[in-house]
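Visitor: I should like a close look at a single part of this structure, namely one helix and the helices that pack against it. Please then place that part in its wider setting.

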Amino acid sequence: MIISWLANPDRFSKVFAPVRPWVAGLSLVLFAWGLYLCFASPEDYQQGDTVRIMYIHVPAAWMALFTYLVMGVASFFGLIFRHALADAAAKAAAPIGAVFTALALITGSLWGKPMWGTWWEWDGRMTSVLVLFLFYIGYIALHASIEDEQRAAKSTAILALIGLINLPIIKFSVDWWNTLHQGASVFRPDGPTVAPSMLWPLLVMALAYKALFVWLWLIRIDTEILSRKYNGLRARLGFREGGA
Amino acid sequence: MDLDMGKYAFFVWGSYGVTALALLSLTVLSVRAHRDRAAKLKALQETLAAEKAQKVDA
């Protein structure tokens, strides 16, 4: 009910415009608190100071998957209900997800070199995350290459839905195949295996990333709404000038 | 709070540096695009309103 009420682009802009500064502020506070905890927490007895990379690598990887899920759900609604706001929501999420995925890959590589002795390994986890990054880039490129908004929305929604298959592959890759990457250590049926002194900075940073995502997503959806209004007005103006 | 990362300084500060650069760039680009779009739309709406007012006067 509330989703269909908010699906009106003008209403969406009006409702969320006053919310955005609060989300930005929340993100800033969480980042300040999280960064303090990142460097106040003890070093790991095995990994030394490189454990601090975990506090920015793991939230980036979580957000890479979460953002793609958001993009997939929005694409599904866009494809079924052909609603412009759903496509705007999916399109707005793609660059944010691409950045989170790139960060997961880069910081993972910077963590892998001192710990595993290699920058990269073509194993299940790393390769499937690279495939996720390629899905994001493919989505952005496809949207940019099709001029007609409705055709672009349909084609990219199909691509986004195909890419959803990759999410469980990423999640379970560490269980299905031999890998250098460690298995799940936070979201486990028997509870986290990470010490509380390291779990807190990780969770606060994860919340900071989440708040940043929400803020950027809301801004980018609003930018899409403004762009479509602008293009619509220009098209009407062009039509009138052409018809005169 | 300990900021001395010892022999891992390149890897730790490299990770935090790349992350800060990427997230700040994404934020600046997103905010700038939003402001730019809002300004363009406002200018177009004002032009159309002025045109409409001129027609009414005529």
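Guide: In this predicted model, the contact between α6(A) and α8(A) brings Gly124(A), Arg125(A), Ser128(A), Val129(A), Val131(A), Leu132(A) and Phe135(A) of α6(A) against Asn166(A), Ile169(A), Ile170(A), Ser173(A), Val174(A) and Trp176(A) of α8(A). Sorted by class, the residues of this contact are eight nonpolar, four polar and one charged. The axes of α6(A) and α8(A), the latter comprising residues 166-176, lie 8 Å apart at an angle of about 170 degrees. Angles over 145 degrees count as roughly antiparallel, and α6(A) and α8(A) are therefore roughly antiparallel to each other.

A further partner of α6(A) is α7(A). Helix α6 of chain A covers residues 124-145 and helix α7 of chain A residues 149-163; they pack at an angle of about 170 degrees, with 9 Å between their axes. That angle makes α6(A) roughly antiparallel to α7(A). On the α6(A) side the contact consists of Phe135(A), Gly138(A), Tyr139(A), Leu142(A) and His143(A), and on the α7(A) side of Ala152(A), Ser155(A), Thr156(A), Leu159(A), Ala160(A) and Gly163(A). By class, six of the residues in this contact are nonpolar, five are polar and none is charged. Phe135(A) takes part in both contacts of α6(A), that with α8(A) and that with α7(A).

Between the two partners of α6(A) runs a loop: Ile165(A) is located in the loop that joins α7 and α8 of chain A. Ile165(A) has 10 C-beta neighbours inside 10 Å and therefore counts as exposed. Between the C-alpha atoms of Ile165(A) and Ser27(A) the distance is 30 Å, for a separation of 138 residues in sequence.

Ser27(A) leads to helix α3 of chain A, where it is one of the buried residues, together with Val23(A), Gly34(A) and Cys38(A). Because these residues cover an arc of only 40 degrees around the axis, they are on the same side of α3(A). The face turned away from that buried side carries the exposed residues Pro21(A), Trp22(A), Gly25(A), Ala32(A) and Ala40(A). Helix α3(A) itself, residues 20-40, has 21 residues and reaches 30 Å from its first C-alpha to its last, close to the 30 Å expected at 1.5 Å a residue.

From α3(A) the account passes to α4(A). Tyr55(A), which lies in helix α4 of chain A, touches Cys38(A), Pro201(A), Leu202(A) and Met205(A), residues up to four places away in sequence not being counted. Cys38(A) is among the buried residues of α3(A). Tyr55(A) has 27 C-beta neighbours inside 10 Å and therefore counts as buried as well. By contrast with these contacts, the C-alpha atoms of Tyr55(A) and Trp22(A) are separated by 24 Å, the two residues being 33 residues apart along the chain.

The loop between α4 and α5 of chain A contains Arg82(A). Arg82(A) has a positive phi of about 50 degrees although it is not a glycine. Most residues other than glycine have a negative phi. With 13 C-beta neighbours inside 10 Å, Arg82(A) counts as partly exposed.

As for the wider setting, chain A has nine helices and zero strands. The C-alpha trace of chain A spans about 75 × 35 × 30 Å along its principal axes. Of the 244 residues in chain A, 37% are buried. Among contacts in chain A with a separation of 6 or more, 77% involve residues 24 or more positions apart.

Chain A also meets a partner: 32 residues of chain A are in contact with 27 residues of chain B. On the side of chain A that touches chain B, the elements giving two or more residues are α3, α4 (51-81), α5 (84-116) and α9 (196-243) of chain A. The largest share of that side, twelve residues, comes from α9(A). By class, the residues of that side are 19 nonpolar, six polar and seven charged.

In chain B, helix α1 comprises residues 9-57; its 49 residues should span 72 Å at 1.5 Å a residue, and its end C-alpha atoms are 71 Å apart, which agrees. The buried residues of α1(B) are Phe11(B), Val12(B), Ser15(B), Tyr16(B), Thr19(B), Leu23(B), Ser30(B) and His34(B).

Terms used
Residues are numbered from 1 along each chain as its sequence is written. Chains are lettered from A and ligands numbered from 1 in the order in which they are written. This is a predicted model: local features need pLDDT of at least 70, side-chain atom pairs count only at pLDDT 80 or more; totals for chains, interfaces and linings use all residues. Axes are lines fitted to C-alpha atoms, for helices over the stretch in contact, and angles run from 0 to 180 degrees between N-to-C directions. Helices (H or I, at least four residues) and strands (E, at least two) are DSSP runs, numbered from the N terminus. Angles under 35 degrees count as roughly parallel, over 145 as roughly antiparallel, 65 to 115 as roughly perpendicular and the rest as oblique. Two residues are in contact if their C-beta atoms, placed from the backbone, lie within 7 Å. Ala, Val, Leu, Ile, Met, Phe, Trp, Tyr, Cys and Pro count as nonpolar, Asp, Glu, Lys and Arg as charged, and the others, Gly among them, as polar. The expected span of a helix is 1.5 Å times one less than its number of residues. A residue is buried if 20 or more other C-beta atoms lie within 10 Å of its own, exposed if 12 or fewer, and partly exposed in between; C-beta atoms are placed from the backbone. The arc is that of the directions from the helix axis to the C-beta atoms.
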